[in-house]
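Trainee: I should like to learn how to read the features of a protein model, one at a time. May we begin with the sheets?

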Amino acid sequence: MPRISRRSFLMATAGAASFPVLNGASVAAETDVAIIGGGAAGIAAARRIGAAGRRVVVLEAAEQVGGRCITDTTTFGVPYDVGAHWLHVPESNPVAKLALRAGVDIYPAPPGQRVRIGRRNARESELEEYLAVVARGKRAIEDAARGKVDISCAQAMPKDLGEWQPLMEFYLGPFGCGKDFSELSATDFARSSERDVDAYCRQGFGALLAKLAEGLPVQLSTPVTKITALGRGSFLIDTAGKGSLQARAVIVTVSTNMLLDGKITFAPALPKRQLDALSRLRLGHYERIALEVAGNPFGLLRDDLVFEKADNDHTAALLANVGGTSLSFIDVAGSFGRDLAAKGPREMTAFAFEWIDKLYGADVRKAIQRTHATQWASSPFVQGSFSAASVGGQPSRRILMEPFFDRVFYAGEAAHETLWGTVSGAWESGERAADAALKAVVPVTGSRAAPTPVKRQKKAAPKKQPRRQSPSFFGTPRISND
Ligand SMILES: Cc1cc2nc3c(=O)[nH]c(=O)nc-3n(C[C@H](O)[C@H](O)[C@H](O)COP(=O)(O)OP(=O)(O)OC[C@H]3O[C@@H](n4cnc5c(N)ncnc54)[C@H](O)[C@@H]3O)c2cc1C
């Protein structure tokens, strides 16, 4: 087996903890914590462990860090977020908070969305009707989530929502969660936190994550194939052709679909409890068709978000003039997005052209220059978009947070109860797993020491209860039709 050279690691800064080189020989190289996957969760975990002065290595299968949050600057010559693009709730978003120091600009997304009805914008009164249907849909899900038995969001819907129902379902279901209402747990939806205030990264969300990974000991192009518990708090990690590594704790951050597909095997086998939890948190589907458009044939502002009053689920969202560049995104999702993506980029682009013709006329098509369509569903190291629980699956998120084999910790967007499906959720989950791994590898000291007398504490004033998080997903859309 080849020996890895230090050059295939990202540059390590002087401040970073030391890291071993994978060893193809029979004696494996050693580290305190091995992190499998260099997406948001893996980067957050590695920063935390490095800052604590422990040895850490990130093994990443792809040629770059970022996972589902990457920015491509070569296809169009401007930043193109191939995956995550919206920084939700920037005031509390842990990644947004690090942007300034990383030298990346964050700017607020324009409030409001537009709705198209055929070739015209929806009128004020029509938008009022739509907003009322969104509010009713969300309320119905929240009511259902208070019931004893979980049901799907589709089952929770009142029967008289009328002609705005398809758009409301697209907005809250495929667009917000990557799955159709019929596949979504009402409880999981209701537990997710509001994501109705957004920001964007001028250089790209993926560029921000890549900045935050600078200096970390990341080994790229290194797919992990097997994790073996050797006993006595030691693990052997095998990779595809890049040797093996021994670690005292492991943080696994690959997507739920990757684990379900058996891309990484475990010895002993992954416990049934974890397997069942993973299968209830399969990834949904969310794909993007990026268009390079000359001029502004849509007549829209920078970062205008547009939906259509659809009469079925064959619909999309348009994000126009992304960051003031020539790029516009057509996003498709849910089962329609999955089926369209399965037909390939050519069919996806054809759909985008027809959809634009329908809403803005055939002239826009003449201004389109280059295009690109994502294939997240078949991407070798992700296989989907983000997790959304199936009916009864919400408690699985907590199960994923439990360590298995004593010192193997799962982290990633699926292991966050309220911020699942987001970069910030993955980040927080990575930090939590890092804290648990650090606790596991730090030797317990002073256990035989005599107990120190505890001073009598004054009775503390009763703690103020934290404000209950609003139990709804994605917020109420704010609409603009100017
Ligand atoms: C199209 C799309 C749009 C999205 N939009 C948004 C958005 O606007 N805002 C938002 O907040 N979130 C969005 N998300 C969700 C967000 O991108 C994810 O929730 C988040 O990036 C997940 O991070 P993670 O670390 O949990 O997983 P990942 O990013 O999947 O990281 C896991 C890493 O593990 C690596 N890996 C896989 N297998 C192996 C292996 N065998 N060995 C080693 N490494 C391996 C992968 O290559 C990957 O880098 C979007 C996702 C998609 C797909």
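Trainee: In what order do the strands of the seven-stranded open sheet stand, and what is the sense of the pairing?

Mentor: Strands of a sheet pair through backbone hydrogen bonds, either parallel or antiparallel. Helices (H or I, at least four residues) and strands (E, at least two) are DSSP runs, numbered from the N terminus, and two strands pair if DSSP finds at least two bridges between them. Here the order of the open sheet is 8-7-16-17-18-15-19, with mixed pairing. Strand 8 (120-121) and strand 19 (368-373) are at the edges with a single partner strand each, so one side of each lacks a neighbour in the sheet.

Mentor: Two conventions should be stated early. This is a predicted model, in which local features need pLDDT of at least 70 and side-chain atom pairs count only at pLDDT 80 or more, while totals for chains, interfaces and linings use all residues. Residues are numbered from 1 along each chain as its sequence is written, and side-chain values use heavy atoms, with hydrogens and water left out.

Trainee: How many bridges join strand 15 to strand 18, and in which sense do they run?

Mentor: Strand 15 (residues 286-293) and strand 18 (residues 327-333) run antiparallel and are joined by seven bridges. I289 faces I330 of strand 18.

Trainee: Which helices lie across these strands?

Mentor: An axis is a line fitted to C-alpha atoms, for helices over the stretch in contact, and angles run from 0 to 180 degrees between N-to-C directions. Helix 10 lies across strand 15 and strand 18, at about 110° to strand 18. Helix 11 lies across several strands, including strand 7 (114-117) and strand 15, and runs at about 65° to strand 15.

Trainee: How are helix 10 and helix 11 oriented to each other?

Mentor: Angles under 35 degrees count as roughly parallel, over 145 as roughly antiparallel, 65 to 115 as roughly perpendicular and the rest as oblique. The axes of helix 10 (residues 334-342) and helix 11 (residues 345-360) come within 6 Å and cross at roughly 125°; the two helices are therefore oblique. In contact terms (heavy atoms within 4.5 Å), F336, L340 and A341 of helix 10 meet E347, M348 and F351 of helix 11. Five of these residues are nonpolar, none polar and one charged. For this division, Ala, Val, Leu, Ile, Met, Phe, Trp, Tyr, Cys and Pro count as nonpolar, Asp, Glu, Lys and Arg as charged, and the others, Gly among them, as polar.

Trainee: At what angle do helix 2 and helix 7 pack?

Mentor: Helix 2 (residues 94-102) and helix 7 (residues 205-213) pack at about 70°, their axes 10 Å apart. Helix 2 is thus roughly perpendicular to helix 7. The residues in this contact comprise eight nonpolar, no polar and one charged.

Trainee: Is strand 1 mostly covered or uncovered, and which strands pair with strand 1?

Mentor: A residue is buried under 20% relative accessible area, exposed over 50% and partly exposed in between (1.4 Å probe, protein chains only). In strand 1 (residues 29-36), seven of the eight residues are buried, so the strand is mostly covered. Strand 1 pairs in the parallel sense with strand 13 (residues 244-252) over seven bridges, and I36 has V252 as its bridge partner there. Strand 1 also runs parallel to strand 2 (residues 56-59), with four bridges between them.
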